[in-house]
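Reader: Could you take me through one part of this model up close, starting from a single residue in a loop and then following the strands and helices from there? I would enjoy one connected account.

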Amino acid sequence: MKNSALIVVDLNAAIQKIVKEPYPHSWKEIEANNRALMSYFISEQLPVFLTSVQPKFLPKSWSKSFGRQLITDVTGPCEVIKFGPSVFTQSDFGLAEKLKAQGVKTIFFSGISTSNGVFKSAKDAAAQGFDVVLIRDATADRKAVSYEKIIRDEFPKVGKIQMTQEILSKE
């Protein structure tokens, strides 16, 4: 786990309203797995980043409400605002440079939506030279067909797929 980071994609209020019944995991399962992952990474002194999509077209007064994080009881993550699906290409944060400066080589991805923000961020991370891992039971999508296509056909081209327990049991 050394030289790793966790990026939790878009587990926020607006996305929860858009994706009312995520597939294949419920909001309760996704939040529980992400909470466990965040706590683990922080306890191992590994970086954790929470992304929040806040499109530039929204009035500033709406942005905070739109991007309000769902998991607020874990101390330590850094929040990164993005303007579109990928935290690497649609943010002013400079995440790739910050991760490289910290010696991060592997990025674990979780969140919603697997076929959009999660996959696009992971694909861009791989293009930046990072090893990427999708945490299957800490992600979900609006549509079963989209989720299954990413898991079966697309993600294996850019990285590995693991389950929460596999990660939590690593030493």
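Author: Happy to! Beyond its neighbours within four places in sequence, S91 is in contact with V80, I81, K82, F83 and S86 in this predicted model. S91 itself sits in the loop between β3 (78-82) and α4 (95-101). Its relative accessible area is 16%, so S91 counts as buried. The side chain of S91 also has polar partners in the backbone. One of its polar atoms lies 3.0 Å from the backbone oxygen of I81, and the side chain reaches the backbone nitrogen of F93 at 3.1 Å.

From that loop, let us step across to the strand that pairs with β3. Strands β2 and β3 run parallel and are joined by five bridges, with F49 standing opposite C78 of β3. Strand β2 covers residues 48-53, and six of its six residues are buried. In a regular strand, side chains alternate between the two faces of the sheet. In β2, V48, L50 and S52 point one way, while F49, T51 and V53 point the other way. Both sets are buried.

Strand β2 has another parallel partner in β1, and three bridges link the two. Here V8 has L50 as its bridge partner in β2. Just before β1 (4-9) comes the segment that holds N3. With a relative accessibility of 29%, N3 counts as partly exposed. Leaving aside neighbours within four places in sequence, N3 is in contact with L46, G103, V104, K105 and T106. Take K105 from that list: N3 and K105 are 102 residues apart in sequence, yet their C-alpha atoms are 5.4 Å apart in space.

T106, another contact of N3, belongs to strand β4, which spans residues 106-112. Strands β4 and β5 pair in the parallel sense over six bridges, and I112 stands opposite A140 of β5. Together with helix α5 (residues 114-127), these two strands form a right-handed β-α-β unit.

Helix α5 deserves a pause of its own. There is a bend of about 25° in α5 at K120. The buried residues of this helix are T114, G117, V118, F119, S121, A122 and A125, and they pack against β1, β3, β4, β5 and α6. This brings us back to β3, the strand before the loop of S91. After α5 comes G129, with a positive phi near 100°.

Next is strand β5, residues 131-140. Eight of its 10 residues are buried, so β5 is largely enclosed by the rest of the structure. Besides its pairing with β4, strand β5 pairs in the parallel sense with β6 (residues 160-162) over three bridges. V133 and K160 of β6 are bridge partners there. Between β5 and β6 the chain passes through helix α6 (residues 144-158), and this β-α-β crossover is right-handed.

To tie the tour together: the buried S91 touches residues including V80 and I81, and β3 pairs with β2. Strand β2 in turn pairs with β1, while the contacts of N3 include K105 and T106. Finally, β5 pairs with β4 and also with β6.

Methods: Residues numbered from 1 in each chain as written. Predicted model: local features only at pLDDT ≥ 70, side-chain atom pairs only at ≥ 80, totals over all residues. Heavy atoms only, no water. Helix = DSSP H or I, 4+ residues; strand = E, 2+ residues; numbered from the N terminus. Buried < 20%, exposed > 50% of the residue type's maximum accessible area, 1.4 Å probe, protein only. Contact = heavy atoms within 4.5 Å. Polar contact = N/O pair within 3.5 Å; in protein donor to acceptor, adjacent residues only side chain to side chain. Pairing = 2+ DSSP bridges. Right-handed = clockwise from strand over helix to strand, strands pointing away. Bend = angle between axes of the 7 residues up to and from the residue.
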